[in-house]
Amino acid sequence: MDHRALVGLSKRMSLALRHQPAQFGLAPDRAGWVPVEELLAALRIDRADLDAVVAGNDKQRFAVRRGGDGDERIRANQGHSIPVDLELTPCPPPARLYHGTSSAALDSIRASGLHRGGRHHVHLSPDEATARRVGARRAGEPVILTVDAAAMARDGHAFYRSENGVWLTDAVPARYLTG
Ligand code: HQG
């Protein structure tokens, strides 16, 4: 598959595993896993295509694991809008984390902090370059906000790290943001 086809399939897999499994006839378990065979059938793809997306994905969006019954299962590592319990354990964050957004959202974010929107958590990046890429997905000028994660952790906010290195927290009050 060429790069374009890989990106297209990655998007369909995200839709099926994070947002609209029922539309694909899939029923993820409470931790978000579906049998690999069922995803292949739902998307009408073969195993080599799926492996290419899982292995080649720039952000390691997907994880494949063998379940207790020996069958392989797949889930998205984060970013769901369907209810899932990713069984993340709280983990001490680095002193600073970053959030990329667009200048259009700045006034609102400065007033009310970062909200999780349609996702389960606010997504934060460990470095500015990643945050810049996230912000560049939006229309308008990308902006990088710095989160004082050390102070948040001290004040009792829980942080989680997804398998692909995205930092997650419930909300970021405006007083912890600069930039
Ligand atoms: C903004 C992609 C106004 C927030 C990326 C963001 C990431 C506010 C948008 C992952 C706000 C939500 C997550 C407030 C937050 N007022 N706007 N108070 N609080 N926002 O897509 O962080 O491709 O749900 O700044 O690479 O952009 O899906 O979150 O612009 O890792 O794997 O509301 O999604 O990864 O947008 O991106 P999103 P995000 P995947």
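This briefing walks through how the protein holds its ligand, starting with the overall layout and then going into the contacts. Keep in mind that this is a predicted model. The chain splits into domain 1 (3–76) and domain 2 (96–178), and because both of them give residues to the shell around the ligand, the ligand lies between them. As for where that is on the protein surface, the space taken by the ligand is the largest pocket.

**The two domains**
- Taken over C-alpha atoms, the centres of domain 1 and domain 2 are 27 Å apart.
- Domain 1 covers residues 3–76, while domain 2 covers 96–178.

**Polar contacts to the ligand**
- Ser 108 puts a polar side-chain atom 2.5 Å from a nitrogen atom of the ligand.
- Gly 113 uses its backbone instead: an N or O atom there lies 2.8 Å from a nitrogen atom of the ligand.
- Arg 138 has a polar side-chain atom 2.7 Å from an oxygen atom of the ligand.
- On its own, the ligand has 780 Å² of accessible area, and the protein covers 81% of that.

**Who lines the pocket**
- Strand E4 (96–102) and helix H4 (106–112) are the elements that give two or more residues to the shell around the ligand.
- H4 chips in the most, with three residues.
- In total, 17 residues surround the ligand.
- The closest of these are Lys 59, His 99, Thr 101, Ser 108 and Arg 138.

**What kind of residues they are**
- Sorted by class, the shell has seven polar residues, six charged ones and four nonpolar ones.

**Quick recap**
- If you're scrolling through the structure, Ser 108 and Arg 138 are both among the closest residues to the ligand.
- Their polar side-chain atoms lie 2.5 Å from a ligand nitrogen for Ser 108 and 2.7 Å from a ligand oxygen for Arg 138.

Technical notes
Residues numbered from 1 in each chain as written. Predicted model: local features only at pLDDT ≥ 70, side-chain atom pairs only at ≥ 80, totals over all residues. Heavy atoms only, no water. Near = heavy atom within 4 Å. Polar contact = N/O pair within 3.5 Å; in protein donor to acceptor, adjacent residues only side chain to side chain. Areas by Shrake-Rupley, 256 points an atom, 1.4 Å probe, with all protein chains shown as cover. 1 Å grid on protein atoms, 1.4 Å probe; cavity = no way out; pocket = protein on both sides within 12 Å on 5 of 7 lines; lining within 4 Å. Sits in = over half its atoms within 2 Å of the grid points. Helix = DSSP H or I, 4+ residues; strand = E, 2+ residues; numbered from the N terminus. Nonpolar A, V, L, I, M, F, W, Y, C, P; charged D, E, K, R; others polar. Domains from an automatic or database assignment.
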